[in-house]
Structures are given as C-alpha cells and as structure tokens.
Amino acid sequence: MKTLLRLLTLLLLTATTAHAQTKVFKAVAEDMEQESEPIIQDNNLVGYLTFTQLEKASADSFNYRLSIMDENLNDIGTVNFRDEKLNLKGVSFDQDVLCLTYIKSNFVGKVYRNGKEFRRDVDNARTALFTQFLNLSGKVIATSTIKMEIKPESDQVWGSSRKVVGNGKLKHAVELKNITGKGFACFYGDDNKNNLVVFNTAGQLIWQKPIKEDVTAVNMLTSGPEVSLLIKTKEEMKEGGFAILSYNVFDSTVYPKFLLKDKKGNSLKPLAFENDPITGKPYVAGMVIDPRRGNKYVAGKDLARSPYCGFFTINLEGHTKKDIKAQFSYWDDGAQSIMDKYGYYAEPREFAYVERAFKDYEGNTIFAASGVVRKTKWGTITAAVITSPLILPPIFLLGTGTHKFAVRDVLLVKQDAAGKLSLATTVPTKRSIYFQGGDAIYFYDPNSYFKLNNSATRTQFLVIDKAKDIDIYNVNQKKVARTILHKDGNNLVAVLPAKEGSIAVREYNTKDKSIRMSIEPL
C-alpha cells in the first residue's frame with residue numbers, strides 16, 4: 001500500500017520531525033472555519049488533511065489553506081489558494097495524486113441582512129461540484145467544475161432576529177473513492193439527478209452517468225476496474241428494496257443489476273458492502289427480512305416475533321450466475337443449534353439485535369449484535385388483575401405492556417463459508433437499565449461498531465463504542481485488548497480509524513477547545 005510518506009521529501013513547504021504520533025489542534029479564530037478529513041486510499045487511511053477557511057479575500061471569495069499530514073500526523077506541507085465559498089466533502093489518494101472534492105456555492109454560508117435580501121439573491125444562486133487535483137510538489141494540476149442543482153434555503157442566524165444565512169441540501173451526500181491505479185470515482189445526488197463521475201489521475205473527466213433509479217439511499221464501492229453502487233428504492237418491505245449497480249471504469253459499461261433477494265423472494269437488509277479482505281472482490285452481508293413481520297420495528301416485546309428470519313452473505317466475484325456465490329442461514333425453521341426458531345440464543349440466554357457485519361481472514365462472516373434480555377412484568381400484571389373490577393387502573397397499568405427489556409453483552413455470530421452458524425464469542429458488558437417493552441430497541445441500544453484490519457498480521461479488531469467507554473476487541477484472540485473511557489477530566493474522548501495496526505484517539509478539551517490526536521498501536 002502506498003503511503004503519503006513519499007510526499008515528505010518532495011513537498012518543500014513545511015519541514016517537520018519524523019515519527020510524530022501526537023498532535024494538538026488549537027481552536028481557530030471566530031472569523032475562520034476549519035475541518036479535517038482522513039485521506040483514504042483503497043479503503044485504508046494513509047494521512048490527514050486540514051482545510052482552513054481564512055480571511056475574506058473579496059466580497060465573494062476567501063483565502064484557503066490545506067495542511068497535509070502523513071498517517072503519523074507528521075506535517076508534510078501546506079497549500080494556499082483563493083476561491084468562492086467551499087465546503088470540503090472528501091479526500092482520496094492514488095498514483096501520487098491527491099484528489100479533493102468540495103461543494104462550491106455563492107449562497108451557502110452567506111449572511112444576509114434579512115429574508116427579503118436573501119430572496120432577491122435566489123435567482124443568482126450557483127452551486128457546483130468542485131474537484132481539485134494536487135501532485136507531489138503541492139501544485140494544483142487540474143480542477144473540475146460540474147454544475148449542481150440545489151434549492152437555496154435560509155436559516156435564522158443565532159442571536160439575531162433578522163439576519164439569515166444561506167443553506168442548501170443534497171439529496172445524497174458526496175462520496176469520493178480512489179480506483180486503484182486508475183483514478184477517482186465520485187457520486188452525489190442533487191435536486192435533479194443522481195450522478196456518478198469518474199476522473200483519471202490527471203484530473204480529466206473520463207465519464208459521468210446519471211443514475212435513473214429513484215433511490216432513497218446510496219453507498220459506493222470501488223473494486224478493481226469497477227465502481228458499484230448499493231442503492232435502496234421504495235418497496236413493500238421498508239428495510240428492503242436494495243440492489244447493486246456496477247459500471248466498468250474504462251468505458252462506463254453497465255453490468256446487469258443485482259437485486260438483493262433470496263431464492264424465496266424475500267427482501268434482504270445489507271449491513272456490510274465491502275471488499276473481501278482475502279479476494280479483494282465485493283461482498284454484501286446482512287439480514288433476511290421475514291415476509292410476514294418484516295415491516296415491524298424491533299421492540300422489546302416483539303423479540304420473539306423479529307422482522308428477520310436469517311443471515312446472508314453474497315460474494316460478488318463477477319456478473320454471471322456462476323460468479324455470484326450466496327449463503328443463507330435461516331433460523332425460523334428451527335434448524336439452527338445455537339438458537340431456537342424465534343432467534344433466542346440458548347447459551348447467553350439472550351436475543352440478538354444485529355447491527356454490523358464483516359468478513360474475517362478465514363472466509364467467515366461475523367455479525368456483531370447487542371444482546372437483549374426480556375422479562376415479564378409480573379408485578380404490573382398482578383396489580384392489573386387485582387384492580388380488574390375497576391376500569392381505569394388496569395388500562396393505565398397495562399398501557400406500557402407486560403414486558404421490559406435491557407441491553408447486555410455483545411454477541412459475535414459466525415457464519416462460515418458453508419452457511420453454518422456458531423456463536424463465535426460473547427463480549428461481556430454491563431447491563432443497561434430496563435426499558436418499556438413497546439419501545440424500539442434502536443432508541444436505547446448504546447453500542448456502535450467499526451472494524452479495523454491489520455493485513456500484515458491478518459488480525460481484526462472490533463471497536464465497540466459504548467455509553468461510558470470504548471472496548472477495542474481482538475477478534476482473533478477473542479479478548480478485549482484495551483478499554484478507553486469516554487470522559488477523562490476535561491477531555492471528551494473518541495476512538496477513530498487510523499493507519500493499519502493503530503487507532504486514533506481524539507481528545508477534545510472542553511476548557512480550551514483544543515483537540516489532541518494520538519496515533520496509538522493496537
């Protein structure tokens with residue numbers, strides 16, 4: 001994998017010491033704006049970029065500064081330029097070229113004296129996708145501007161009764177990814193179209209293609225000489241309606257659309273759409289939606305009547321039937337040994353609220369879930385029976401249901417290449433308080449997840465972000481490697497992805513508004 005360390009000897013704008021692992025970012029002045037983005041290549045983090053809006057250069061333009069860092073937070077260089085109002089949306093790297101994509105607008109972020117002045121300016125509103133390409137010497141080698149259609153909106157300026165600030169919304173966020181050895185792909189959706197754009201590393205527009213499907217969500221993936229879009233359209237099953245569109249990078253050839261359905265016609269809910277860590281080919285994994293209960297949200301009282309009935313993994317090694325290899329593991333027929341037909345796991349004595357999926361280096365798919373325990377509210381039922389001669393008390397008592405639930409433990413369920421399920425491990429966590437059975441579990445589940453790979457050692461880590469702390473779980477060794485508190489004195493702590501084999505620990509000091517970033521080995 002290439003890294004931005006190659007820039008160190010070629011960018012002469014800034015000198016710095018090597019191997020710096022910690023950096024403090026001070027708060028910028030009130031009239032300045034600053035945001036940071038990871039630099040991504042082949043879905044791996046290879047550096048960091050800070051984009052700073054400096055002082056106004058004219059009535060309609062600003063001075064900007066790009067500060068580039070390698071994966072160890074060493075300063076590599078800075079680039080200064082001037083342009084209209086820009087909002088950075090993505091950074092990628094390939095073939096010694098840094099690609100940055102922005103939304104350029106003459107009204108977003110502009111402060112107007114009142115709503116009337118804003119409305120007069122609407123006819124002159126302009127928005128564009130602005131893409132910038134930098135070489136290793138820090139020179140801008142090319143730019144691209146593609147007109148976008150975004151309806152101008154306004155928001156009230158905080159602390160003012162009259163002033164408003166211009167704003168606008170994309171239907172689908174900008175996504176930017178490198179195409180290994182070829183260039184870059186960018187997707188966005190404005191008011192009139194969903195657009196897929198491909199550039200080469202010289203910054204030349206190779207092709208762009210509107211996506212005609214009426215999509216409600218999109219996720220882009222690049223793999224070899226192809227760009228794929230996981231799209232969601234409206235269908236009977238609210239969590240279904242997914243399909244994959246794939247395009248050849250060289251000539252925009254469209255491959256056959258792949259609908260996410262099983263052989264029974266059941267809709268599938270994807271939880272992962274990534275490249276396989278072994279083959280490098282795309283795969284999609286997630287849940288099979290139950291055809292009868294699929295439109296019910298997962299509430300505590302309905303755990304035994306889940307909207308899902310199985311797991312799936314589909315390996316997309318090509319575009320013919322023989323290249324598409326799928327494994328479905330159903331539990332609603334009672335055929336699984338680790339759970340009953342209602343999805344109840346016997347060993348931890350819990351149901352599973354599945355939220356994440358990923359493939360390991362042995363060809364298995366791992367599903368990460370929060371364990372959920374359910375109890376009957378016998379006290380409530382007894383009180384309702386005692387007061388049954390009365391009308392209102394039983395209604396009041398039973399109005400919140402006869403069950404309660406709590407979130408406890410993290411379950412990792414393994415689906416092997418043959419489709420066999422096993423409980424890979426249980427990560428013990430403190431039980432939450434009990435919630436009303438009729439409440440949706442996703443409102444109260446405190447856990448979120450992301451995965452880290454170390455391809456050199458073929459080791460995977462699952463970062464489990466909980467309410468009070470963060471567990472770094474070694475999937476291979478089946479143990480928690482480290483626990484980090486969310487709050488440490490004046491600091492609010494978060495864990496972010498970093499270079500392979502490391503994590504980025506971000507500490508925000510609430511007192512001086514500074515941010516301390518540390519790259520720490522796993």
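The legends below describe close-up views of a predicted model.

**View 1. The largest pocket and its lining.**
The largest pocket in the model has a volume of about 1600 Å³. Its lining is made up of 49 residues, and those closest to the pocket centre are I40, D42, N43, N44 and K177. Several strands give two or more residues to this lining. They are strand 2 (33-41), strand 3 (44-58), strand 6 (85-94), strand 13 (172-179), strand 17 (215-223), strand 21 (268-275), strand 25 (351-359) and strand 30 (448-454). Sorted by class, the lining of the largest pocket holds 22 nonpolar, 15 polar and 12 charged residues.

**View 2. D42, at the largest pocket.**
D42 is one of the residues closest to the centre of the largest pocket. The loop that holds D42 runs between strand 2 and strand 3, and both of these strands give two or more residues to the pocket lining. D42 is not a glycine, yet its phi is positive, at about 55 degrees. The relative accessibility of D42 is 30%, so this residue counts as partly exposed.

**View 3. Q95, in the loop between strand 6 and strand 7.**
Q95 sits in the loop that links strand 6 and strand 7. Its phi is positive, about 50 degrees, although Q95 is not a glycine. With a relative accessible area of 35%, Q95 is partly exposed. Of the two strands that flank this loop, strand 7 covers residues 97-105, while strand 6 covers residues 85-94 and gives two or more residues to the lining of the largest pocket.

**View 4. K110 and its contacts.**
K110 belongs to the loop between strand 7 (97-105) and strand 8 (111-112). Is K110 buried or partly exposed? K110 counts as partly exposed, because its relative accessibility is 38%. Setting aside neighbours within four places in sequence, the residues in contact with K110 are D121, V164, V165 and G166. With D121 there is a polar contact, made from side chain to side chain at 3.4 Å. A longer span can be drawn from K110 to L271: these two residues are 161 residues apart in sequence, and their C-alpha atoms are 38 Å apart in space.

**View 5. C186 and C99, with C309 for reference.**
A disulfide is a covalent bond between the sulfur atoms of two cysteines. How many disulfides does a search of the whole structure find? The search finds 0. Why does C186 have no such bond? The closest cysteine sulfur to that of C186 belongs to C99 and is 7.5 Å away, which is too far for a bond; a disulfide needs the two sulfur atoms within 2.5 Å. C186 is buried, with a relative accessible area of 1%. C309 is also buried, and its relative accessible area is 1%.

**View 6. G224, between strand 17 and strand 18.**
G224 is found in the loop that joins strand 17 to strand 18 (226-233). Its relative accessible area is 41%, so G224 is partly exposed. G224 and H319 are 95 residues apart along the chain, and 14 Å separates their C-alpha atoms. Strand 17, on one side of the loop, is among the strands that give two or more residues to the lining of the largest pocket.

**View 7. Q336, ahead of strand 25.**
Q336 lies in the loop between strand 24 (324-330) and strand 25. Is this residue, Q336, buried or exposed? At 15% relative accessibility Q336 counts as buried, because the limit for that class is under 20%. The side chain of Q336 reaches the backbone oxygen of Y330 at a distance of 3.0 Å. Not counting residues up to four places away in sequence, Q336 touches S329, Y330, W331 and L421.

**View 8. The largest cavity.**
The model has 3 cavities of 30 Å³ or more. The largest cavity holds about 160 Å³ of space. It is lined by 15 residues, and S306, Y308, W331, A352 and Y353 are the closest to its centre. W331 is also one of the residues that Q336 touches. Strand 23 (308-316) and strand 25 each supply at least two residues of the cavity lining. The largest share, 4 residues, is from strand 25. By class the lining of the largest cavity has 13 nonpolar and 2 polar residues, and no charged residues.

Technical notes: Residues numbered from 1 in each chain as written. Predicted model: local features only at pLDDT ≥ 70, side-chain atom pairs only at ≥ 80, totals over all residues. Heavy atoms only, no water. 1 Å grid on protein atoms, 1.4 Å probe; cavity = no way out; pocket = protein on both sides within 12 Å on 5 of 7 lines; lining within 4 Å. Points joined across faces, edges and corners; volume = space filled by probe spheres on them. Nonpolar A, V, L, I, M, F, W, Y, C, P; charged D, E, K, R; others polar. Buried < 20%, exposed > 50% of the residue type's maximum accessible area, 1.4 Å probe, protein only. Contact = heavy atoms within 4.5 Å. Polar contact = N/O pair within 3.5 Å; in protein donor to acceptor, adjacent residues only side chain to side chain.
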